[in-house]
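Trainee: I should like to request a close look at a single part of this model. Please take me through it in one connected account.

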Amino acid sequence: MAIKVIGAGFGRTGTLSIKAALEELGFSKCYHMVELLTHPCDVKFWEDASQGKPVNWDALFDGYQAIVDYPGYRYYSQLMQHYPDAKVLLSIRDADSWYESTLKTIYQAGPKGWKKLKMALSLPFSPKLRNLVRIFRMADKDVWVKDFQGKFEDKPYAIGIFNQHIEEVKRLVPPERLLVYQVKEGWEPLCHFLGVSVPPDKPFPHLNDRATFQQASKELY
């Protein structure tokens, strides 16, 4: 089993809905941030990737056929080379809508949220919880410090990075391997791109909207 679909879109572009859709279409399983949180020992692979070290992608993605969301989207170009037959799915949305959603969800759970967990480092707790802290720390450095240079609250700057990433993916990925996609488009363009049939009488998944994310974050923190 090898990766067949590589998601290159930022978080908050419908990635959890896309994960569910891909799995419904038979690309199972699909690696997403929720998989990392479920299997926090995977953090060692992603820390190596973040530090520019070699990564055993096949070991990390054993049992998976697709990948979307953070942290995988940051390494779409490496994954394209490692899985030359895989197609690339660039999920996008209106930039203003993306920014407001990100600001009120993963940004709140990121730079501010993981530091609450870090306060417990002096207490005895399980290796699993310790790995979860490593995940949040890594995400903070990767996304908010490196990708957005600590300036995510500067809306024009953040949207500029969002748009720059989209243009980079479109420039680097051969057109025949790339689908630029919004979840509001539903099944048809996704299924056509992947060469599979549209599921009969099956609504396209709509998961992890802002209210759902915010409630889950309250329960976590």
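**Cysteines, a central strand pairing and a loop residue**

Mentor: Cys191 has a relative accessibility of 1%, so this residue counts as buried. The model is a predicted one. Cys41, by contrast in class, is partly exposed, because its relative accessibility is 44%. No disulfide is present anywhere in the structure: the count is zero. A disulfide is a covalent bond between the sulfur atoms of two cysteines.

Let us turn to strand S4, the part to be examined closely. Strand S4 spans residues 87–91, and four of these five residues are buried, which leaves the strand mostly covered. Strand S4 pairs with strand S1, residues 5–7, in the parallel sense, and three bridges connect the two. Within this pairing, Lys87 of S4 is the bridge partner of Val5. Strand S4 also runs parallel to strand S5, residues 178–181, to which four bridges join it. Here Val88 has Leu178 in S5 as its bridge partner. Strand S4 is thus described by two parallel pairings, one with S1 and one with S5. In a regular strand the side chains alternate between the two faces of the sheet.

A further residue to consider is Thr105, which lies in the loop between helix H6 (95–104) and helix H7 (106–118). Thr105 counts as buried because its relative accessibility is 1%, under the 20% cut-off for that class. The side chain of Thr105 makes a polar contact of 3.4 Å with the side chain of Arg12.

Methods:
Residues numbered from 1 in each chain as written. Predicted model: local features only at pLDDT ≥ 70, side-chain atom pairs only at ≥ 80, totals over all residues. Heavy atoms only, no water. Buried < 20%, exposed > 50% of the residue type's maximum accessible area, 1.4 Å probe, protein only. Pairing = 2+ DSSP bridges. Disulfide = S-S within 2.5 Å. Polar contact = N/O pair within 3.5 Å; in protein donor to acceptor, adjacent residues only side chain to side chain.
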